[in-house]
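Please read this briefing alongside the sequence and the structure shown below. The points are grouped by topic for use at the bench.

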Amino acid sequence: MLLYFCGMKKLSAVKVGKRAKIISFENDDFFLKLMEMGCVPGETIKVEQVAPLGDPISISVAGYVLSLRLNEADSIWVEEF
């Protein structure tokens, strides 16, 4: 996809301990729910943990730790730094 060439990737692909900035959302169904939890475009996040089987993942965002299902994380486009 073109987005990969622009330095963007899905949150589900970010490794533990890495930081990223939220760029956009792919799925409008989760958009409002994620925004209410502090996941807004421009917000910096850090992947804290991934469950042994890969689902769910824990991220720190807006001063707290949030657990997301892998399909939810798969709908968030981020830029890793």
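Asp-74 is partly exposed in this predicted model, at 31% relative accessibility, and the side chain of Asp-74 meets that of Lys-10 in a salt bridge, with 3.8 Å from N to O. This pair links distant parts of the chain, since Asp-74 lies in the loop between α3 (70-73) and β6 (76-80) whereas Lys-10 belongs to strand β1, 64 residues apart.

**Salt bridges**

- The structure holds five salt bridges, among them a contact between the side chains of Glu-26 and Lys-10 at 3.6 Å, N to O.
- Glu-26 is placed in the loop between β2 (19-25) and α2 while Lys-10 sits in strand β1, so this pair ties together parts that are 16 residues apart in sequence.
- Lys-10 has a relative accessible area of 16% and is therefore counted as buried, the cut-off for that class being under 20%, whereas Glu-26, with a relative accessible area of 44%, is partly exposed.
- Another of the salt bridges is formed by Lys-33 and Glu-72, whose closest N and O atoms are 2.8 Å apart, and this pair too links distant parts of the chain, with Lys-33 in helix α2 and Glu-72 in helix α3, 39 residues apart.
- The two partners of that bridge fall into separate classes of accessibility, as Lys-33 is partly exposed with a relative accessible area of 37%, while Glu-72 is buried with a relative accessible area of 4%.
- Through salt bridges that share partners, Lys-10, Glu-26 and Asp-74 are joined into one network.

**The sheet**

- Six strands make up an open sheet in the order β1-β6-β2-β3-β4-β5, and their pairing is antiparallel.
- The edges of the sheet are taken by β1 (8-10) and β5 (64-68), each of which has a single partner strand, so one side of each is left without a neighbour in the sheet.
- Averaged over the sheet and with direction ignored, neighbouring strands are turned by 45° against each other.
- At the β5 edge, strand β4 (residues 57-61) and β5 pair in the antiparallel sense over five bridges, and within this part of the sheet Ser-58 has Ser-67 of β5 as its bridge partner.
- As general background, the strands of a sheet pair through backbone hydrogen bonds, either parallel or antiparallel.

**Aromatic pair and nonpolar patch**

- The count of aromatic pairs comes to one, and this pair is formed by Phe-25 and Phe-31 in an edge-to-face arrangement, with 5.1 Å centre to centre and 75° between the planes.
- That arrangement is called edge-to-face because the angle between the planes, 75°, is over the 60 degrees required for this class.
- Of the two rings, Phe-25 belongs to a buried residue with a relative accessible area of 13%, whereas Phe-31 counts as partly exposed at 35% relative accessibility.
- Phe-31 also takes part in a nonpolar patch on the surface, which is formed with Leu-32 and Met-35 and has about 270 Å² of accessible area together.
- Met-35 is located in helix α2 (residues 28-36), and with a relative accessible area of 32% Met-35 is partly exposed.
- The value for Met-35 is over the 30% relative accessible area that residues of a patch must have, which is why Met-35 can be counted in the patch on this criterion.

Notes. Residues numbered from 1 in each chain as written. Predicted model: local features only at pLDDT ≥ 70, side-chain atom pairs only at ≥ 80, totals over all residues. Heavy atoms only, no water. Pairing = 2+ DSSP bridges. Helix = DSSP H or I, 4+ residues; strand = E, 2+ residues; numbered from the N terminus. Axes fitted to C-alpha atoms, helices over the stretch in contact; angles between N-to-C directions. Patch = residues over 30% accessible without salt bridge, like charges linked within 9 Å, V, L, I, M, F, W, Y side chains within 5 Å. Areas by Shrake-Rupley, 256 points an atom, 1.4 Å probe, with all protein chains shown as cover. Salt bridge = Lys/Arg side-chain N within 4 Å of Asp/Glu carboxyl O. Buried < 20%, exposed > 50% of the residue type's maximum accessible area, 1.4 Å probe, protein only. Phe/Tyr/Trp six-rings, centres within 6.5 Å; stacked < 30°, edge-to-face > 60°.
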